[in-house]
Amino acid sequence: MKNSCLFQKQKKHFLGLLLFVCFSAFSTFANNPNEAYIFSYTSGKSFDGLHFAWSIDKINWHPIGPEYHYIHSDYGRWGSEKRMVSPILFLGADGLWHCIWSLNEKDGTFAHASSQDLLYWGRQSYPVVMINKNCLTPEVTYNKEKGEYTISWLSKDQTETKAWCTTTKDFKKYSETKNIPVTEYKNSRSTILIAGKQETGSINKVAWSIVDGLIKTQQLSAYKTQLWAETTKTDTERFADLKPVEAKFTLDVTKSKKISNTLLGIFFEDINYAADGGLYAELVQNRDFEYTISDTKGRDVTWNSTKAWSLKGETASYTIDSINPIHPNNKHYAKLAIKKTGAALVNEGFDGIAVKAGEKYDFSIFARATHGKAGKLLIRLVGKNGEIYGETTTQSITTNWKKYNAALTVKTTMADAGLEIIPQMTGTLDLDLISLFPQKTFKGHKSGLRADLAQTLADLKPKFMRFPGGCVAHGDGIGNIYNWKNTIGPLEARKPMRNLWGYHQTVGLGYFEYFQFCEDAGAEPLPVIAAGVPCQNSSTGSAGQQGGVPMCDMENYVQDILDLVEYANGDATTKWGGKRAEAGHPKPFNLKYVGIGNEDLITDIFEERFTMIFKAMKEKHPEITVIGTVGPSFEGTDYQEGWDIASKLGVPMVDEHYYQSPGWFIYNQDYYDQYDRSKPKVYLGEYAAHLPGKPNNIETALAEALYLTSLERNGDVVSMTSYAPLLAKDKHTQWNPNLIYFSNTEVRPTVGYEVQKLYGQNAGDYYIPSEINLSNNQENVKTRIAMSVVKDTKSNDIIVKLVNLLPVAVTASVDLKNGNLGSNEAIKTVLKGDPSDKKAKPIVSTSPVSELMNAELPAYSFTVYRIKTIGLNK
Ligand code: AHR
């Protein structure tokens, strides 16, 4: 049986179960009615959506689910703002079901979506119909003669209630909002009793098949939820009688298919302090005095230009000024008034400054002496009790802004030193962009990356790196969209910005540094640019995130993207290629991929902008593979609509995202088996197995390893994959799980990292299909065993990856028929542990190749065999 057949069988089992469930539910309706009433309602709470109840007599109502929701509102910021309030459902003249709802009690906007069957709902739109007034309890009437809908609503403030209306023929264009007498506004909603609770909503008469569809959809969903909730916690009961399993894999090494040679890459986003305070080796926090309270959206009142800075000593004072700054993009600086020498401006670093004995550090500062005598700056790294770990001095400070450099060698290893700047002069002194970098950065680049962290990334042997996000790429509101042009050039000219994860981005780790790291790590750069719309969970801007870049600005926006290609690939004589050369890289970076959009809400506003960008890229840079976006889930409206747009436009690849339970990964190993090979290729740009409590442990790592066998098997349609997120700093982790945790002094790769590394280091470019025969054909046993065999034509190696997610050992026999083996020995790597183990490390050994005929796969393990051949047939 082919691997994919295994999953087909599992699916049959699944459908069988479903039929059983449905039959049981409907056995009381042997004679189904032709028609019924449906009642649609919602609770108005965040994340809730449209519920249905049905009735034959309009008296006895049967909730479906109960309270299973078929569509939810995607307007507003993530969390409490995603609300559907007072929905009204009606059958339109076009034969479609339309739903209109209010979004909250403050915005002058309602929402609209339509559906053919009440099950699949299309795009949502949020027309802005009022400025500075709310839009409550919308109602709809239809004028047949005009073919026009009138939408009316109430608008309330503390003193009065007014009624308003607009008209539309297509729910895309709306007439100007008009004031109407409140008496003209009619609320058609009914209030009924469901399970003892009063609910308000709309009643519609429908064919029974509609009710049937609603019920079956809910039941299928409930079944899937239960199936996918499977965790190893209940394995003891689930597999109480399970004996060790035998698995026989049959394959022929000469029969293979070409798969992507860029399958495993990395996803970098500045989340969890991944950039500043993380991969970017800068040791001074708030070096440019540009922190502002808005970085944290007002949450942290101490977060301002003085954050991480303090003054030591009584003989000086300091303020923050912005007159005549070093650069308009870098407005704030520290102004020191020194009465007597001895006082110091002190930076605490990012949770302290970690330095190593014997290593050299580069200090730099922009300074000008505005009053008083010229003098030097004494620079010291000091401990909590004033111990001096290293010191240096700058040259004398002159009257105009100038950059001063000085190096210092550290005497003692310290985890939390402070940096002191001690002026050796009296008078007034302006200071900005105060920086301290280890000289030992990754590949020794000046102002570069933290060597240990960067090396940990490079060890994954990533074939590509995506940057700068994630949500950071499309930003929190239009003003927060990441603009690559603000992140290149001299540091003082870069434009720092608020990080949507609630902190500050210096953009010192900018596009040049990203490209350079990709080159150093042998990874293809994959920049992701917003599709002209910010994040759907934005907290700023009107009409949710979908305000979009105004169309009048889109031409420039598109040009910026075209300029990026020139920056990366143009020769040094071009405008943007010249800037790259100025930065020290005359040779092109050989950019091949550009992502447009990040799991956006797919709306008309998105489509208009995405299409414009895609067409321009296709015309000007047909050599670039553009990667589109299909929402934040493996299913649903954004997924469907995103795929439709990509297929219609002929976008070469789309970016899929899904964070799911290990059970989802176990039961969806056939997800790509059915993908249409003639459609766009897939970049699985964000995924991870999530358990309650969000650990990164053997259970999640093996679920990912299992799923990755299916990604290799589907490597002809899945071109790229990247686990997300990548990095998380201790005490600053906003999202779990991540692949690598770190502090200022430690790097702690997770077990999930070990799985990624084993796949990255053991990638192939040809996949060899296999058939599997098990001694135990129980469905939940089959889905926990998987194998993938690839050939790497560069090294002439065959790599066998075997995953056993069962609580018992599996004896596998893998016959590498026609393998042309060049050695009797294989390199064997085993990662195993208890499901909750977070610390397991792979154990590498050599073993005879013959072991593969009788390989013992321990309970909860991932085993990789790497075997040399004397030449491979493709
Ligand atoms: O990976 C963390 C976040 O998850 C990304 O920023 C976003 O794209 C997704 O929702």
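Mentor: A residue is called buried when its relative accessible area is under 20%, and exposed when that area is over 50%. The structure shown here is a predicted model. By this cut-off, buried residues make up 59% of the 874 residues in the chain.

Trainee: Is Ala53 buried or exposed, and how do you know that?

Mentor: The relative accessibility of Ala53 is 0%. The limit for a buried residue is under 20%, and therefore Ala53 counts as buried. Ala53 belongs to strand β2, which covers residues 51-55. From Ala53 to Asp94 there are 41 residues in sequence, and their C-alpha atoms are 24 Å apart in space.

Trainee: Why is Asn132 called buried or exposed?

Mentor: Asn132 has a relative accessibility of 77%. An exposed residue must have over 50%, so Asn132 counts as exposed. Asn132 sits in the loop between β6 (110-115) and β7 (136-143).

Trainee: What makes the phi angle of Asn132 worth a remark?

Mentor: Its sign does: phi of Asn132 is near 60 degrees, a positive value in a residue other than glycine. Lys443 is not a glycine either, and its phi is positive at about 60 degrees. Lys443 is placed in the loop between β26 (427-438) and α4 (451-458). With a relative accessible area of 53%, Lys443 is exposed, because the cut-off is over 50%.

Trainee: Which peptide bond involving Pro468 is cis, and what is its omega?

Mentor: The cis bond joins Phe467 and Pro468, and omega is about -5 degrees. Pro468 lies in the loop between β27 (464-467) and α5 (471-474). A cis bond also leads from Asn736 to Pro737, where omega is near -10 degrees. Pro737 is part of the loop between β36 (727-729) and β37 (740-742).

Trainee: What makes the radius of gyration of the chain agree with a compact globule?

Mentor: For 874 residues, a compact globule would have a radius of gyration near 29 Å; the chain has 31 Å, and therefore the two agree. Along its principal axes, the C-alpha trace spans about 100 × 85 × 55 Å. The secondary structure comprises 14 helices and 47 strands.

Trainee: Which domains does the assignment give for the chain?

Mentor: The assignment gives domain 1 (32-222), domain 2 (235-257 + 768-869), domain 3 (266-275 + 444-763) and domain 4 (293-440). Between the C-alpha centres of domain 1 and domain 2 there are 53 Å.

Trainee: Which residues are around the ligand?

Mentor: Phe267, Glu269, Gly470, Cys471, Trp501, Asn598, Glu599, Tyr659, Glu686, Ala724, Pro725 and Trp735 are around the ligand. To be listed, a residue needs a heavy atom within 4 Å of the ligand. The shell divides into 7 nonpolar, 2 polar and 3 charged residues.

Trainee: How do you know that Tyr659 makes a polar contact with the ligand?

Mentor: An N or O atom in the side chain of Tyr659 is 2.7 Å from an oxygen atom of the ligand. A polar contact needs a pair of N or O atoms within 3.5 Å, so this pair qualifies. A polar side-chain atom of Asn598 is 3.1 Å from a ligand oxygen. At Cys471, a backbone N or O atom lies 2.8 Å from an oxygen atom of the ligand. Taken alone, the ligand exposes 280 Å², of which the protein buries 94%.

Technical notes
Residues numbered from 1 in each chain as written. Predicted model: local features only at pLDDT ≥ 70, side-chain atom pairs only at ≥ 80, totals over all residues. Heavy atoms only, no water. Polar contact = N/O pair within 3.5 Å; in protein donor to acceptor, adjacent residues only side chain to side chain. Areas by Shrake-Rupley, 256 points an atom, 1.4 Å probe, with all protein chains shown as cover. Nonpolar A, V, L, I, M, F, W, Y, C, P; charged D, E, K, R; others polar. Domains from an automatic or database assignment. Helix = DSSP H or I, 4+ residues; strand = E, 2+ residues; numbered from the N terminus. Rg over C-alpha atoms; globule rule 2.2 N^0.38 Å. Buried < 20%, exposed > 50% of the residue type's maximum accessible area, 1.4 Å probe, protein only.
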